[in-house]
2 protein chains.
Amino acid sequence: TSFLRKLRLYVIVGSAHTAGRPVVSVAQEAIRGGAQIIQLREKELPAKAFFETARALREVTAKAGVPLIINDRADIAAAVGADGVHLGQEDLPIAAARRILGEQAIIGVSTHSVAEALRAEKEGADYIGFGPVFPTRTKPEYAAQGLEALQKVLSQVRLPVVAIGGITPANLPAVIKTGVKRIAVVSAVASAPDVAASAALLLKMLEGSY
Amino acid sequence: TSFLRKLRLYVIVGSAHTAGRPVVSVAQEAIRGGAQIIQLREKELPAKAFFETARALREVTAKAGVPLIINDRADIAAAVGADGVHLGQEDLPIAAARRILGEQAIIGVSTHSVAEALRAEKEGADYIGFGPVFPTRTKPEYAAQGLEALQKVLSQVRLPVVAIGGITPANLPAVIKTGVKRIAVVSAVASAPDVAASAALLLKMLEGSY
Ligand code: NI
């Protein structure tokens, strides 16, 4: 999936982090601003509502030519024809998700240490998320890993690494200095007053053109 | 699925209702007592732990020649090669689960009214659960439907109907009088001091041999 090589800005949306706006509108605005991949993460919704949001997002992302990744639920990913699934350490094993979604599917894995990152690579992930780089309310159960740990992961993992966790325009320059090329954000885009402008700023910074 | 025509005793297991025993042991004992189908229902477990329990149950049920149904998660059902999935009203649509699991899969649906039962039939369910017949702690969010409602469903639905909700040896004779041939139980078997004996008693009563 050569798409992942070019990836810079990964935006995660979910009904808990839209500042009251519909998830689909937030995703549309994020794409308008430059989000290159959209992940739908719903931790509290029943499957039916999660599926319905995923189906609506599938239409919007397909029109825009932007890949759609579903968090955790490979069945919902399969049901809506998403491009892949993102798995946490407590989610399905990669091989199980791969069996359901097929060889072409993009499978990403959340990792929180070098060991987890190397294991995900070995088990066949297409990319890894690494973090939280900074403290974040979205994943309060994990301690912030910091920039040194990110650098260590980058030096040991061949897969595309997506830095995640508390990244904002204010700390992004320090993140970029580690050599990482890709970031994922939830709040910094999806909860921002101007979603498109926030995505656009982050993308410009990642592309070195700001 | 002619198997469903002969079904009498459907046992649901899950880590929240084992009286502290391992889920797999409880299922084994239930099968030894006569459970003819096992459903794994895990509402709180992360997907990985749910998957691991499902995989262990798949071994045990396959050895016994007893079908295994997974609650809600079609991806976990597919990943472990379960026989089917059981869907609540807030779970994936039947068609979406069918697409993932294939035509041969057994798909059951929880219903709580004649209207829901008829809709599930129309949408392609293989069987319906109907209840709760009596008040139950397992599904506190639904009001008990009672025996008259069960009778009404039986008269209007052609699919196999499985009565569920608060059924015990004490009230089973009244349940059987409605004409229903199949019951599903959680606590009455999985939380019983003697799981196998409890299953055996219910099965005997359902077969009219007690
Ligand atoms: Ni997670």
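**Entry 1: helices α2 and α3, chain B**

Angles under 35 degrees between helix axes count as roughly parallel. I keep that cut-off in mind for this predicted model. I looked up helix α2 (residues 23–33) of chain B against helix α3 (residues 47–64) of chain B. Their axes are 10 Å apart and make an angle of about 20°. I therefore enter α2(B) and α3(B) as roughly parallel to each other. Their crossing is right-handed.

Next I listed the residues at this contact. From α2(B) come B:Val23, B:Val24, B:Ala27, B:Gln28 and B:Ile31. They meet B:Thr53, B:Ala56, B:Leu57, B:Val60, B:Thr61 and B:Ala64 of α3(B). By class, I note 8 nonpolar, 3 polar and no charged residues in the contact of α2(B) with α3(B).

**Entry 2: helices α6 and α7, chain A**

I turned to a helix pair in chain A. Helix α6 (residues 114–122) of chain A and α7(A) cross at roughly 30°, and their axes come within 10 Å. On that angle α6(A) and α7(A) are therefore roughly parallel to each other. I noted a right-handed crossing for α6(A) and α7(A).

The α6(A) side of the contact is A:Val114, A:Ala117, A:Leu118 and A:Glu121. The α7(A) side is A:Lys152, A:Val153 and A:Gln156. Sorted by class, the contact of α6(A) with α7(A) has 4 nonpolar, 1 polar and 2 charged residues.

**Entry 3: chain A as a whole**

I stepped back to the whole of chain A. I found 10 helices and 8 strands in its secondary structure. Along the principal axes, the C-alpha atoms of chain A fill a box of roughly 40 × 40 × 30 Å.

I then checked the radius of gyration. A compact globule of 210 residues would have a value near 17 Å, and the 16 Å of chain A agrees with that. Of the 210 residues in chain A, 55% are buried. I also looked at sequence separation in the contacts of chain A. Among those between residues at least 6 apart in sequence, 57% join residues at least 24 apart.

**Entry 4: A:Ile70**

Which strand holds A:Ile70? I found A:Ile70 in strand β3 (residues 68–71) of chain A. Is A:Ile70 buried or exposed? Buried means under 20% relative accessible area. A:Ile70 has 0% relative accessibility, so I count A:Ile70 as buried.

I listed what A:Ile70 touches, leaving out residues up to four places away in sequence. The list holds A:Leu40, A:Phe50, A:Ala54, A:Ile76 and A:Ala77, together with A:Ala82, A:Gly84, A:Val85 and A:His86. I also took a distance from A:Ile70 to A:Glu148. They are 78 residues apart in sequence, and 29 Å separates them in space, C-alpha to C-alpha.

**Entry 5: helix α5, chain B**

I asked how many residues of helix α5 (residues 94–101) of chain B are buried. The count is 6 of the 8 residues, so the helix is largely enclosed by the rest of the structure. The buried residues of α5(B) are B:Ile94, B:Ala96, B:Ala97, B:Arg98, B:Ile100 and B:Leu101.

What covers them? From chain A, the cover of the buried residues of α5(B) includes α3 (47–64) and α4 (74–80). From chain B, the cover includes α4 (74–80), β4 (84–87), β5 (106–111) and α6 (114–122). I looked just past the helix as well. B:Gly102 follows α5(B) and has a positive phi, near 95°.

**Entry 6: backbone details in the loops**

I looked up a cis peptide bond in chain A. The bond from A:Gly131 to A:Pro132 is cis, with omega near -5°. A:Pro132 is in the loop between β6 (127–130) and α7 (146–156) of chain A. In chain B, the bond from B:Gly131 to B:Pro132 is cis, with omega near -5°. I placed B:Pro132 in the loop between β6 (127–130) and α7 (146–156) of chain B.

Then I checked phi. A:Ala19 is not a glycine, yet its phi is positive, about 50°. A:Ala19 is in the loop between β1 (9–13) and α2 (23–33) of chain A. With a relative accessible area of 57%, A:Ala19 is exposed.

In chain B, I noted a positive phi of about 55° for B:Ala19, again not a glycine. B:Ala19 is in the loop between β1 (9–13) and α2 of chain B. The relative accessible area of B:Ala19 is 58%, so I enter B:Ala19 as exposed.

Conventions. Residues are numbered from 1 along each chain as its sequence is written. Chains are lettered from A and ligands numbered from 1 in the order in which they are written. This is a predicted model: local features need pLDDT of at least 70, side-chain atom pairs count only at pLDDT 80 or more; totals for chains, interfaces and linings use all residues. Side-chain values use heavy atoms; hydrogens and water are left out. Axes are lines fitted to C-alpha atoms, for helices over the stretch in contact, and angles run from 0 to 180 degrees between N-to-C directions. Helices (H or I, at least four residues) and strands (E, at least two) are DSSP runs, numbered from the N terminus. Angles under 35 degrees count as roughly parallel, over 145 as roughly antiparallel, 65 to 115 as roughly perpendicular and the rest as oblique. A crossing is left-handed if the near helix is turned anticlockwise from the far one by less than a right angle, and right-handed if clockwise. Contact means heavy atoms within 4.5 Å. Ala, Val, Leu, Ile, Met, Phe, Trp, Tyr, Cys and Pro count as nonpolar, Asp, Glu, Lys and Arg as charged, and the others, Gly among them, as polar. The radius of gyration is taken over C-alpha atoms; the globule rule is 2.2 Å times the number of residues to the power 0.38. Buried means under 20% relative accessible area, exposed over 50%, partly exposed in between (1.4 Å probe, protein chains only).
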